[in-house]
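Colleague: Got a minute? I'd like to go through this model with you, bit by bit.

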Amino acid sequence: MSRFFRSGDDSSSESSSEEEELYSQEEEESEQEEKNESEEEDEDEDEDESEEESSDEEGGKKSGAARFLRGDDSESEESDDEAPKTLKSAKDKQIAELESIIDTIEKRQKISDWGAVSVEFDKLNRQASKISERGRTPKLYIKALVELEDAMNEALSKQKVTPKKMNATSARGLNAVKQKIKKLKQDYQAQVDSYREDPLDFLASDEEEETPVPKPKKIKAEDFADQFDEDQEGFATVGKGGKTLQFTPESIFKHLRGIMESRGKKNTDRIEQIKIMEKLHEVAATPYQRIKVLLTIVSARFDLSSGGSAASMPLEHWKAAEQEITTLFEVLESNKDYVVIENAEEWDDDEKPPTLQPGEKYIKIPGSIVSYVERLDDELTRSLQSIDPHTSEYIERLTDEGSLYNVIFRGLLYYEALTKDPSLQTPQDSINRIVMRRLEHVYFKPAQVVKILEENAWNPMSAEVESMITPRGSITDATNLLNVLCNYLFVNSEGIIRARAMLCQIYFLALHDEYYKARDMMLMSHLQETIGSFDVQTQILYNRTLVQVGLCAFRKGLVYEAQNTLQEICGSGRQKELLAQGVMIQRYAQVSPEQERLEKQRQLPFHMHINLELLECVYLTCSMLLEIPLLAQTGSSPDLKKRIISKTYRRMLEYHERQIFTGPPENTRDHVMQASRALAAGEWKKATNFIHSIKIWDLMPNTDEIKAMLSKQIQEEGLRTYLFTYAPFYDTLAVSTLSSMFELEDRKVSAIISKMISHEELAAALDQVTSTVIFRKGVELSRLQSLALTLSDKAAQLIETNERTLEQRTQGTANAFDRRGGQNQRGGRGGGQRGGRGGPRTGGTGQRQAGGTQFTGGVLGGAVRN
């Protein structure tokens, strides 16, 4: 036993001293670990400690048989003799790694491999940041930064004079290094300047002893409670490396630049950035700082709903953005020497803000106010699209439109103030866009609502503020406001904006029962000829305007004009899609997800919808008043060419007549169909009751006047239908009889009959002396004769269609209708003198048939020839 112990203890004094040092280090480290178990350490420190512990275990913690083996002991003694072990601290290892990276950069720099230099430079920056977290920035890093900048400038100057271009990889790397150095110099400008003044003195100066950061002790529950009471928030914003961010007026631009550079990158916490900018706005001291922070924070809020997602902007962020834009207007109004315009240059110096130079009147800040206003408007529309319109949430959200209109109004006032100074070169397009936004918020509203919006917009304005486009006292009602805004756009804009302004004015006039003005403007604009070349949103506005003009004509009692105007929209069966009030998926249509998403984005908010049930009711009622007399006229006169006014109404009427059992009407369509049958039978009172019982009329203004107008129209059309139907059975008919049947004045009955006679609709004469209608008897056709005439008409149409089709296929060539073959050509089937299945027909050498036309169109052609 003594021999073994003696072999384990017989080591040199040097090795024993090393073991004592290692054991002492182990004990110290174990004590520190016991004290700091709950504290977080940096990754490099953990790695260093694990390496030191592993080396300690190898050197001084050998246990069991391995400690007493002679071979192992001898090897360790030989290695100790050859190369004595040196223990490096974590800082020394990081410095060594920093030197290694700098050496690699220098080697790559010599061979102009700037792509590799860019990669190594990133490693260098990361390593330097780790070292800086513990104390001061290493001076080797400052030296490497300056030398790399000089090499980069030299490479750029050579590149300008050398005809041989650098390869793409190196050029990209060189450009990347240039951008990184430009950014880093702003952080280390003072140290870089001191190094350039005297490099030797900078490197030889004694480094200050780094005071180790005392590790925080464990906080007891009582201390934590006291600390939380002192600081109720209990949190601090922490940046990269665990440093607490300090928000001061001097650091605002540095924080803003970092946020702007991370904008659009992946894994960026946008909510955290917004919170940081809110704190920056609180500490902003100068107007320039406040304007820059407000412009950046509004853009960051709009980014929350970007990225192709269909979700709208969160409500609290929308209201915050609206308040910040209002604050921005207040700052700009109180500081007239600061202007935000699109064509200003970006200020790059983050250390000092721009100052007013001699000879200049303004400090220009780049930004687009009109873009913010438009985006705020679009986000409100998207929010309204995503909310169920039949809930109170939609009503609450709709109240934000008033504050949005105030923002649009203040934006217009700001741009008007900019146009007063020609030196700013304010683009006219920006003013047109914001005027158009204001117009789009008032054109579909009643005059009373528009007046309230205008009053609320002017109330917060001071007495000195005045508008050039819409002066404060001149706008007395909504009609004048619409005229002023539209006339301004007619003069100063062109293309889509001018067309949309005209459509908005037509819509407003039609909404307020100015039918003839709206009709004349629609006809003079000639938009119906060019609307197909405009964008989809303008086409939707055109459809809405057309429908509103048709409804206005109906309210005026102009049935024919209303039906003719609504025919294009209602006759297609796609009212929802054409008016952007719903997505209609066709049965066999293949719609891609992208098209469906775009279609949903085009939908109008619910408060802008036109009632489709009311629209259908008006269209079917107008069609009934026109179609029923026409059907009666064609039924009594078979020789009259049939004419269809509304195919949609005809299909509904035919389907309704085919029903075996007809119950009481349940919806709008049933009411109109049963009213049509009653009107055709001469029961005008029954038809009037059916039409009046439709509840949708209550949604129209002046409901009683509308129903009275409909009763009058049904009486007149009932009279015309009766005359068309029963004229063949009368020789004379007293006007007073008709007047009592339809409860019309004699004068009105005489006027209707005179109009029918003058239009050659009725073969009769009006005897004014006896107040009677004398009917002229024409040639009465029997049923067989009527069918024969119908057959001849259809045969003539078929021949005409065949000839037109053949001419299209032969492209109008000569002898297209001559089917005779030449002498060397084969004749028809069974041609020549051969018999057989072809029969005794002759071939192509037969005699020319009599008559001018040589059309041999099969059996029908033979029947025509005979």
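Colleague: What phi does Gly 682 take, just after H32?
Modeller: Gly 682 takes a positive phi of about 85 degrees. This is a predicted model, where local features need pLDDT of at least 70, side-chain atom pairs count only at pLDDT 80 or more, and totals for chains, interfaces and linings use all residues. Residues are numbered from 1 along each chain as its sequence is written, and side-chain values use heavy atoms, with hydrogens and water left out.

Colleague: And H32, how far apart are its end C-alpha atoms?
Modeller: They are 19 Å apart. Helix H32 covers residues 668–680, and at 1.5 Å a residue its 13 residues should span 18 Å, which agrees. The expected span is 1.5 Å times one less than the number of residues. Helices (H or I, at least four residues) and strands (E, at least two) are DSSP runs, numbered from the N terminus.

Colleague: Which residues of H32 are buried?
Modeller: Among them are His 671, Val 672, Met 673 and Leu 679. Buried means under 20% relative accessible area, exposed over 50%, partly exposed in between (1.4 Å probe, protein chains only).

Colleague: New topic. Tyr 560: buried or exposed?
Modeller: Tyr 560 is exposed, with a relative accessible area of 52%. Tyr 560 is found in helix H27, residues 559–570.

Colleague: Now the sheet. What is the strand order?
Modeller: The order is E3-E5-E4, in an open sheet of three strands with antiparallel pairing. Two strands pair if DSSP finds at least two bridges between them.

Colleague: Which strands stand at the edges?
Modeller: E3 (732–734) and E4 (764–767). Each has a single partner strand, so one side of each is left without a neighbour in the sheet.

Colleague: How many bridges join E3 to E5?
Modeller: Three, and E5 is residues 772–775. Leu 733 has Val 773 in E5 as its bridge partner.

Colleague: Last one. At what angle do H24 and H26 cross?
Modeller: Roughly 145 degrees, and their axes come within 10 Å. Axes are lines fitted to C-alpha atoms, for helices over the stretch in contact, and angles run from 0 to 180 degrees between N-to-C directions. H24 is residues 515–525 and H26 is residues 536–555.

Colleague: Which residues of H24 meet H26?
Modeller: Tyr 515, Ala 518 and Met 522. Their partners in H26 include Tyr 542, Leu 546 and Val 549. Contact means heavy atoms within 4.5 Å.
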